[in-house]
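Student: Hey, got a minute to go through this model with me? I've put it up below.

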Amino acid sequence: MSLHIASLIPGAAASSSYHTLTIGLVFFFFFFSFIAATLYLLRQWLLPKPIPGIPHNPEATRSLLGDIMAIQNEMPDNISEWVVRQSDRHRSPIYQVFLVPFAKPFVVVSDFREAQDILVRRGREFDRSDLAIALLRGEMPNFHACLKTGPAWAAHRRLLQDIMSPEFLQKVAAPNMYAGACRLLQLWRAKRAVAGTGTPFAANHDLSFATFDAIYDFGYGEGTEERALAEQIRLLAGLTEEERRRLGENAGTGKPVDFPVAPLSPAMEAVLRSTENITKVAVTGFPDAAWRVLSWFPRVRRLRALKDTFIKSQVDMAIKRLDNANPEDGYSKLKCALDLIIQRERTLAEKENREPVYWSDSIKDEMFGFVTAGHETSANVLAWGVKFLADHPDHQASLRAHLRAAHPAAVAEARFPSHDEITSTTVPLLLATIEEILRLSHAAAMTDRQCTEDTVVLGHAVPRGTTPAHPGVAPERDVAEGDPR
């Protein structure tokens, strides 16, 4: 009753409202201050934390995105080149960049000897980086490059250990890849017949397809007749006279001939398109989340199903070849890398007293990993090699003379050297040319490792979990005349 009466008194009502408003404002002020302080502290906690003593861009430590905005403003289409150029900016062979939000910095080491030491001799201190693994594991989680050093990685190595042996490369891989090189020459002869001598045509697709075929030749051998270059050869052979005439209209004009490109088989297209997902994931900066989103797309699911079906069919054929082969034939019974893997699995199973597991995620991902690890980088190196030799005709002529001198029987019989003659003959200038092409083509823009323990790099303390990155190319510097650099 007293409350009811007080509410009828104007002064009492105004006083009550004032106190309520005051309490509300104080509560709002403290609540807002608490939220603001929490957000500020959260932002400070999330800001990039540089490693003491190692040069970095100061503005990157004031942005939640680190160096990402600087990259977007200065060189959005070439992250690797931007990273390399920071060496010149900091005038240091070691510096740090912030490429992934809310993560530790990358320590870039542009000193060759230190990078070589980390990659070759300090295996106990460094292992494959989490980022490199995250970029691949969405498509091939059981590929050996997605595994840290340990029992699982060692098991994969035992399965693959003979694939790069000289005997396997010379007796099994060389004949298959030789056949692929002959297909490229056959295609270019067919194109020259249409375009005419001296008329240029684009070769980028051909070189990419040749590399793709070489990987198929190496991995699957005669198990599949699907080849990218074979599709292009069949397309040219099926052209009508009118189509050939139209394509040859640029002959003698200096303009390149634009040849049509034949579509690949569904399985080859699925393998090739699946590898492109890795590039899409890399540019997001959040690979794990990006892989989860990609896996929802029907197109990605369809491509993965086609790829897995193809690899499964190849495994089944490899098992049949092994069952029908003479155990005493040695390497002569092996036709490709998959044959060797299946044989190794059977041998390991016998030693471990277990049943062989021929179709597993490990074998599936290793066979797909061949394509991912070898196609794009090899195609780029091959393309650069063609360009370097075209730009230096004097060196090209010298190399040709050395090759002809090294294979007199093939020259006398007006034929190409066989794969046995090529693998058994050493041509020093050829080896030097290949080394120089690899040096200048920069096949790997960046290699990285991750610290497994607190360590020291070029005199700087680097904590565990940090990823040192090693550029594959030195920065280009504008050196003024008389500058001692």
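Student: Which strand do three bridges join to β4, and how do the two run?

Tutor: That's β8 (residues 467-471), and the two strands run antiparallel. Strands here are DSSP E runs of at least two residues and helices are H or I runs of at least four, numbered from the N terminus. Strands count as paired if DSSP finds at least two bridges between them. One bridge partnership is D448 with A469 in β8.

Student: Before I go on, what kind of model is this, and how are residues numbered?

Tutor: It's a predicted model: local features need pLDDT of at least 70, side-chain atom pairs count only at pLDDT 80 or more, and totals for chains, interfaces and linings use all residues. Numbering starts from 1 along each chain as its sequence is written, and side-chain values use heavy atoms, with hydrogens and water left out.

Student: Back to the sheet. What's the strand order?

Tutor: β1-β2-β8-β4, four strands in an open sheet with mixed pairing. β1 (94-97) and β4 (446-448) each have a single partner strand, so they stand at the edges with one side lacking a neighbour in the sheet. From one strand to the next, the twist averages 30 degrees.

Student: Which strands does α4 touch?

Tutor: Helix α4 (residues 79-90) packs on the sheet and touches β1, β2 (106-109), β4 and β8. Contact means heavy atoms within 4.5 Å. The direction of α4 makes about 130 degrees with that of β1; angles run from 0 to 180 degrees between N-to-C directions, with axes fitted to C-alpha atoms, for helices over the stretch in contact.

Student: New topic: what lines the second largest pocket?

Tutor: There are 18 lining residues, with V100, A103, F106, D130 and L131 nearest the centre. A pocket is an open set of points on a 1 Å grid over the protein atoms alone, where a 1.4 Å probe fits, with protein on both sides within 12 Å along at least five of seven lines; lining residues have an atom within 4 Å of a point. α6 gives the most to this lining, four residues.

Student: And where does V100 sit?

Tutor: V100 is in the loop between β1 and β2. Leaving out residues up to four places away in sequence, V100 touches F106 and G285.

Student: Last one: which helix has the lowest mean pLDDT?

Tutor: Helix α1 (residues 2-6), at 43, while α17 (residues 393-406) has the highest, 96. pLDDT is the predictor's confidence in each residue, from 0 to 100. The chain mean is 85. Residues 1-9 are below 50, and residues 478-485 also stay under 50. Where pLDDT is low, don't read the predicted coordinates in detail.
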